[in-house]
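Colleague: Before I use this assembly in my own work, I would like to hear how each description of it is justified. Could you take me through the reasoning?

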Amino acid sequence: MPRRPSPSVAPRGSAALGLVAFLAVVAAFAVFPQFVRKPYVLHMGVVLFLAIVQGQAWNVIGGYAGQYSVGHAAYFGIGAYTTTMLLELNKIPPWWGIWAAIAAAVLVSIVIGSITFRLRGPYFVLASISVTEIIRLAALYFKGFTRGAEGFLLSEIPALKIGGAEIEFYTKRPFYFAALALAVITVGVNWLVEHSKLGYYFQAIREDQDAAHSLGINLAFYKNVALAISAAFTAWAGGFYAMFVKFIDPNTVFGLDVSVQFVLICIIGGIGTILGPVIGAMVLVPLSEVLRNPKGLVQLGLLSSDSRFVQFVEEHLSNAHMLVYGILVVIVILFAPDGVVGLIRSGVARLRRRASARERAQAATTT
Amino acid sequence: MNVFVQSVISGILVGGVYALIGIGLTIIFGVMRVINFAHGDLLMLGMYATWLVFTKLGIDPFVSIVITAPLLFLFGAFLQRVFINRVLNALPQNQILLTIGLGLVMSNSVMLAFTSDYRILTTSYSSSSFHVGGISVSQPLLYAFLITAAITAALYWFLMSTDTGQAIRATAQDRDAAQLMGINVRAMSVLAFGLGSALAATAGALISPTYYIFPQVGSTFTLKAFVIVVLGGMGSVVGATLGGLIIGVTESLAAVYIATGLKELVVFVLFLALLLFKPAGLLGKTRA
Amino acid sequence: MATILDIQHVSKFFGGLAANSDVSFSMEQGMIMGLIGPNGAGKTTLFNCITGYYPPSKGEVLFKGVKTNGMQPDQVCRLGMVRTWQKVRPLAKLTVLDNVVVGALARTASLKVARDIAHEQLRIVRMDGKAGFLAGGLPIGERKKLEVARVLATQPELVLLDEVMGGLNPAESEEIIQLILELKKRGLTQMVIEHDMKAIMRISDRIVVLNSGEKLAEGGPREIADNPEVISAYLGERVE
């Protein structure tokens, strides 16, 4: 009989161990910029942390609640545009603007949820895509409001004054730490959700909606809560992205490929788990960056500037990251639908079974 | 009045091709209950194959269908056998992700091979039109429509009158029952996916003289195909035919009477309304 | 004894088909009502109507005096009425314990309290040893017991059991029968759909017979067993 440690029956030690490991990793990331000052490395760090946030955010609605939205770019884009427009047009700094962005995304998520949640399975997926396409097309069309395909170019972010200190947002360093903090917060929120009534109810909805309904779970309410949490963090990532990259347009932030990427980060890492999106991000981000910008490996000092690998990738595989995503998705769905985390878990279970079988065999021979 | 009639006629002509795309998708869904997100990319492959045959061998795009359709049929059969077949019993969400992944591989491979440059296929009649009673009818679109009508008629005949066609319909109606009656349902699945791919590719070939050809062109058509299929009713070939025509006309009228930039948005809004209020579509059975 | 459930002229139509047709009966607190009839008689449909899975087309359902037609299943659950499913619905990727915790969370927001309740229910159905097992890997007998434990965790007053003995061997069925009788001692009201006639005769205080959507007969076990209409429509022969 398969046995899997769940939060309710795992020994208390393992939770504490996980926490220590987590804090150690965070500390390592926090201290890292002291030793490595190359802006490119910090840039990659930000991209990685943002990917973790995007994956964790999607995980709440897709992994825990089982509602596969392939239209999450809607919230990402709303976060990006709201923050940008408030800064550029109203001179509101992003640390205030982001709250408006999150609020806007949550409101929109409630509207979208109330429309789409009565649909199930593939129909829900299709509806989620349609809604985001509508938003993207509207953003392209209503140029007076969003500047359409021309996009928004950010001029500059004001400095943040706290106490006596002044933090500039000109170099990559402050972004690195802000992104790290955001990633830590998102992972923490996911952990809290998983170990709360919300987490249980979301997963019940995922496993069997009708059973969940009959057990006292208000489907519409809880699905909307899951979506709101997810939308909030996705929008936060969107606003952050806009400030970091300093240029947005409807196709970059509302595009279907953006939505697909959020799903991929989770699927490849392992949906419905906390580690999954982290692992997924750690696989996808370096991969896509190496393909997009092989010279980056030179900048990192990992390869020499006349490396054949760099040349090959530049000549034949530039912008092939979506191709690699596609191949990865196919492989994962066919051979490891529970992602990397799922593979690790079944590997561990297999080892445990072999160990206990050996024990039993030994015990049998000694009697 | 003329503008209206013109608009409707253009819409019908394009709608015919849309119908072909929809029919392919609905057959796949009907037989396998798989939602094929790579359908538009199969169309894209058809477009590129047609373009290649045209530029390298000088064969007219409408004539080269006899080459590209069988080619894509085999490709679709291959996809089913190697990939789709393994997920027939998986969660529908995973099936969708698999087809999304396959679509990504297709469109990005083409992008790597041919770059993202927009290609155009210009035949001698690409920009010609017939003028009938004050209405201008685009020549390539008219030919495309006529060919579509012929193919659709042949398809109906195949599905209604041949043993294999009836076997496909039986599998679509009730897979288990069909299997119990001795129908090789796995072969039917391969056939259905091959057929769906061939139809998508044919649609691609038919519109290649009038549309830009580029690697990402598939995604718009995939979404449109879904609107058509849901409108007509998932699994209904007649429904997809009607759906294609309706969407073609709606788009055309929206472009004229609302705004060209909003015509796709209108289709999506319609789609949402459909999903919410009549997910079974015009002729389908509710299997949501 | 107070009337806990009152079903008044309930009908349910699906297109032209009358799955339930003018069914009326009531249940007192603490009793066990058997609901029997041939397949397709409308028993599960009735359960669905009562618990809000879909509303009845006609008629009223009064639970503890409150009109429940039109309510959603989760509201009905909170009022105190729950059901198990003919085709078991375990939350497959969750553990046995977590399945029952989901039920317990209907009454508390605290995970600790919910887990305690869950352990208690698992003890009642004698599955506490399997708390850490994945629900999806259980054999059918244990899945049925899990489903009972899960609904018990919602602290209901009325439980509707839909063929909870279906597919079980005699030993497993006997366990369920003992469980049902034990629950009755604890004051729980139960309505039981079953095809196992011996079991129904043993546990039921009263029996309602449905046939083709209509109520064919109602009465004590002996009455029903002797009723010639029931015998010809369903039983086939007299049950001792």
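Modeller: What follows takes the chains, then their contacts, and then some individual helices and residues, with the reminder that this is a predicted model.

Colleague: What makes chain A as compact as a globular protein of its length?

Modeller: Chain A has 17 helices and four strands. Its radius of gyration is 22 Å, and the globule rule gives 21 Å for 367 residues, so the two values are close and chain A counts as compact as a globular protein of that length. Along the principal axes, the C-alpha trace of chain A spans about 80 × 60 × 50 Å. Buried residues make up 47% of the chain, and of the contacts in chain A with a separation of 6 or more, 76% are between residues 24 or more positions apart.

Colleague: How do you know which part of chain A has a pLDDT below 50?

Modeller: For chain A the mean pLDDT is 87, and 96% of its residues reach 70 or more. The pLDDT is below 50 over residues 1–11, a stretch that nevertheless has 23 contacts in the model beyond near neighbours in sequence. Where pLDDT is low, the predicted coordinates should not be read in detail.

Colleague: What radius of gyration does chain B have, and why is it said to agree with a compact globule?

Modeller: A compact globule of 288 residues would have a radius of gyration near 19 Å, and chain B has 18 Å, which is why the two are said to agree. The secondary structure of chain B comes to 11 helices and two strands, and from the N terminus on the order is α-α-α-α-β-β-α-α-α-α-α-α-α. Its C-alpha trace spans about 60 × 45 × 35 Å along the principal axes, and 55% of its 288 residues are buried. Among contacts between residues at least 6 apart in sequence, 78% in chain B join residues at least 24 apart.

Colleague: How do you know which pair of chains has the most contacts?

Modeller: Two pairs of chains touch, and the most contacts are between chains A and B. In that pair, 34 residues of chain B are in contact with 33 residues of chain A. The elements of chain B that give two or more residues to this side are helix 4 (92–114), helix 9 (217–232) and helix 11 (263–277), and helix 4 gives the most, with 14 residues. By class, this side of chain B has 25 nonpolar, seven polar and two charged residues.

Colleague: And what makes up the side of chain C that touches chain A?

Modeller: Here 31 residues of chain C are in contact with 24 residues of chain A. Helix 2 (73–79), strand 6 (81–83), helix 3 (96–104) and helix 4 (111–124) of chain C each give two or more residues to that side, with helix 3 giving the most, five residues. By class, the side has 17 nonpolar, six polar and eight charged residues. Chain B and chain C do not touch, their nearest C-alpha atoms being 13 Å apart.

Colleague: Why is F76(A) called buried?

Modeller: The cut-off for a buried residue is 20 or more other C-beta atoms within 10 Å, and F76(A) has 31 of them within that distance, so F76(A) is buried. F76(A) lies in helix 3 (residues 73–90) of chain A. Leaving aside residues up to four places away in sequence, F76(A) touches T234(A), A235(A), A237(A), G238(A), V253(A) and V258(A). The C-alpha atoms of F76(A) and G238(A) are 4.3 Å apart, although 162 residues separate the two along the chain.

Colleague: How do you know that the span of helix 17 of chain A agrees with its number of residues?

Modeller: At 1.5 Å a residue, its 28 residues should span 40 Å, and the end C-alpha atoms are 41 Å apart, so the span agrees. The buried residues of helix 17 are G339(A), V340(A) and V341(A), and they pack against helix 12, helix 13 and helix 16 of chain A.

Colleague: What do the buried residues of helix 16 of chain A pack against?

Modeller: They pack against helix 12 (256–269), helix 13 (275–292) and helix 17 (339–366) of chain A, together with helix 4 of chain B. Among them are M322(A), L323(A) and Y325(A).

Conventions
Residues are numbered from 1 along each chain as its sequence is written. Chains are lettered from A and ligands numbered from 1 in the order in which they are written. This is a predicted model: local features need pLDDT of at least 70, side-chain atom pairs count only at pLDDT 80 or more; totals for chains, interfaces and linings use all residues. Two residues are in contact if their C-beta atoms, placed from the backbone, lie within 7 Å. Ala, Val, Leu, Ile, Met, Phe, Trp, Tyr, Cys and Pro count as nonpolar, Asp, Glu, Lys and Arg as charged, and the others, Gly among them, as polar. A residue is buried if 20 or more other C-beta atoms lie within 10 Å of its own, exposed if 12 or fewer, and partly exposed in between; C-beta atoms are placed from the backbone. The radius of gyration is taken over C-alpha atoms; the globule rule is 2.2 Å times the number of residues to the power 0.38. pLDDT is the predictor's confidence in each residue, from 0 to 100. The expected span of a helix is 1.5 Å times one less than its number of residues.
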